[in-house]
Amino acid sequence: MTATASSASTETFSRADWLRGYESQTEERDYWIDDIEGEIPAELEGTVFRNGPGLLEIGGQSLHHPFDGDGMISAIAIRQGRAYFRNRYVRTEGFLAEQKAGKILYRGVFGTQKPGGWLANIFDLGLKNIANTNILYWGDRLLALWEAAEPHRLDPQTLETFGLDRLDGLLADGDPFSAHPRIDPGSERTGGQRRLVNFAVKTGPSSRIRLYEFDESGRCVEQQERVIPGFAFLHDFALTPNYAIFFQNPIRFNPLPALLGQRTAGQCLASDRNKSTQILVIPRDPKAPLQTFETESCFVFHHANAFETADGAIVVDSVCYDEFPMLEPDRNFKEVDFDSYPRGELFRFTLHPGQPRAERKLLESRTCEFPTQHPRTVGQDARYYYIGAAAAPTGNAPLQSLLKIDLETGDRKLWTVAPRGFIGEPLFVPRPGGIAEDDGWVLSLIYDAARHSSALVILSAQTLEPLARLNLKQHIPYGLHGCFTPQYFGPED
Ligand SMILES: [Fe+2]
């Protein structure tokens, strides 16, 4: 492995630095963060929860894909200018069994096979619920989410794992529950009350999409199911006051190599670039019919937002890749060639009533992922997005910057931690009592290769100036998603 930079990145990072952020973190710790640069805003109070793969090898065997890594939760509780850090693995059945055995016992969905070649993997379709994708605090429950199976519930104070949570009997044994819930800030439909909306998909030759809506207490108040033709790989959705919007990516799934132990399930997915992407608009009113639109072939993991216009159109903003960023069985994620790998760009799709084809417009061509916004503007015509971005304006590279996009003026603000820093999903936290849409802070957990440790950065959302940097005593491997709750879950003293 060399430490030369990728040419597409215009030398904004070294591959050796980037790879160190994928080293496993085996230590679980609790401490007051005593290395703080700048000052934590006095009004900022609450807890940041992050989730992501913490173990990238087991028993000396490297995982083939980071998405197969066991979920590790980090919590940073902030109050009165101080912050307390804690990290814990989710004690899933698979994590406990593999730690005890000291070796890989399960095949990963994305790329990791059990040792022993195809013979050890043939006909083994058992799933390991790795609880590594998102962490949600809603209705007094802290839930680690992984889309293909049930959530795990944890203690928000100690991060101790309580076990699987089937949501008061809503989910059956092994039922999926997406890792991408959306919070409706409240509309006429919900009587002005906030709602958590999430989905679950069971796929095959046709696919069943189940939509759940929960009130503030965590009680499921509405649910419905729609059946759509074809295989559906749905990771995320967008929400408006009246619709849930899904992008059915043009993906083929041939399960035979997985059955035969030659490939993992994720390696059996392939883009079908001759097919268009289907945009499914599911009314939250279960009696109203589903509408389908189409657009150019593309692949979407994450949506930024969606809203309804006065003339009946629906606008959806999404991070699109030309095709599914697939990994071949003979290529480890560490060897990825950024120059030839699909990269995310932000597009706006407008769905006009009566027109089957969506209107598509590029909003941001810089490589970007993990969009977020003020929670009040979810499902509304938001003015600002905050998104992880590459440091260079062109080419594909890891996320090393935060980009603020002003959709009204077209203005951009960029804050970068290149060349030795790498950035995680931003979270927007509104300032208590603030009125302006960007009155608040942007929080992100960064990995700093120069120190081989991570830090929580707190930026002014208006200017993207850093206000505080909370240096941790260890590194947190690159994470996926998380949340902020205004509740403080740190020690009392
Ligand atoms: Fe995601």
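Two strands are taken to pair where DSSP finds at least two bridges between them. In this predicted model, strand S14 (residues 206-214) and strand S15 (residues 220-229) meet that condition, pairing in the antiparallel sense over nine bridges. Within this pairing Arg210 stands opposite Glu225 in S15. The two strands form a hairpin with five residues between them, and Gly218 in the turn has a positive phi of about 95°.

## The iron site

Which residues coordinate the iron ion? The donors are the NE2 atoms of His180, His235, His302 and His481, at 2.0 to 2.1 Å. Along the sequence these donor residues follow the spacing H-x54-H-x66-H-x178-H. Of the donors, His302 belongs to strand S22 (residues 299-308), whereas His481 lies in the loop between strand S34 (466-471) and strand S35 (482-485), so that this pair links distant parts of the chain, 179 residues apart. His302 and His481 are both buried.

The angles among the four donor atoms run from 91 to 161°, and the site is classed as irregular. The upper end of that range explains part of the classification, because a tetrahedral assignment would require all angles to lie between 85 and 135 degrees. For reference, ideal angles for four tetrahedral donors are 109.5 degrees.

## Aromatic pairs and charges over rings

A search of the whole structure finds 27 aromatic pairs. One of them joins Trp18 and Phe338, an edge-to-face pair with 5.0 Å from centre to centre and 75° between the planes. Trp18 lies in helix H1 (residues 15-20) and Phe338 in the loop between strand S23 (314-321) and strand S24 (345-351), so the contact ties together parts that are 320 residues apart in sequence. Both Trp18 and Phe338 are buried. The two residues also belong to a cluster, linked by ring pairs, that contains Phe13, Trp18, Tyr22, Phe338, Phe422, Tyr447 and Tyr478.

A further pair is formed by Phe299 and Phe301, whose ring centres are 4.8 Å apart and whose planes stand at 75°, so this pair too is edge-to-face. Phe299 counts as buried at 1% relative accessibility, and Phe301 is likewise buried, with a relative accessible area of 13%.

Charged groups also sit over aromatic rings: the charged end of Arg360 is placed over the ring of Phe347, 4.1 Å from its centre, while Lys404 lies over the face of Tyr384, at 4.4 Å from the ring centre.

## Two open sheets

Strand S22 is part of an open sheet of four strands, ordered S22-S23-S24-S25 with antiparallel pairing. Its edge strands are S22 and strand S25 (359-364), each of which pairs on one side only, and the twist averages 25° from one strand to the next. S24 and S25 pair in the antiparallel sense over five bridges, and Thr350 stands opposite Glu359 in S25.

Another open sheet takes four strands in the order S26-S27-S28-S29, again with antiparallel pairing. S26 and strand S29 (412-416) stand at the edges with a single partner strand each, so one side of each is left without a neighbour in the sheet. Here the twist averages 25° from one strand to the next.

The following table sets out antiparallel strand pairs from this second sheet, with a facing residue pair for each.

| Strand pair | Bridges | Facing residues |
|---|---|---|
| S26 and S27 (residues 384-389) | four bridges | Cys368 opposite Ala389 in S27 |
| S27 and S28 (residues 401-406) | six bridges | Tyr385 opposite Ile405 in S28 |

Is edge strand S26 enclosed or left open by the rest of the structure? Five of the five residues of strand S26 (residues 368-372) are buried, so this strand is largely enclosed by the rest of the structure, although one of its sides has no neighbour in the sheet.

In the partner strand S27 lies Gly388, which counts as buried at 0% relative accessibility. Gly388 and Ile423 are 35 residues apart in sequence, while their C-alpha atoms are 6.8 Å apart in space.

Technical notes
Residues are numbered from 1 along each chain as its sequence is written. This is a predicted model: local features need pLDDT of at least 70, side-chain atom pairs count only at pLDDT 80 or more; totals for chains, interfaces and linings use all residues. Side-chain values use heavy atoms; hydrogens and water are left out. Rings of Phe, Tyr and Trp (its six-membered ring) pair if their centres lie within 6.5 Å; planes under 30 degrees apart count as stacked, over 60 as edge-to-face and the rest as tilted. Buried means under 20% relative accessible area, exposed over 50%, partly exposed in between (1.4 Å probe, protein chains only). A charge sits over a ring if NZ of Lys or CZ of Arg is within 6 Å of the ring centre and within 35 degrees of the ring normal. Donors are N, O and S atoms within 2.8 Å of the metal (3.2 Å for Na, K and Ca); water is not among the atoms, so sites may look incomplete. Four donors count as tetrahedral if all angles lie between 85 and 135 degrees; four count as square planar and six as octahedral if opposite donors are over 155 degrees apart and all others between 65 and 115; anything else is irregular. Axes are lines fitted to C-alpha atoms, for helices over the stretch in contact, and angles run from 0 to 180 degrees between N-to-C directions.
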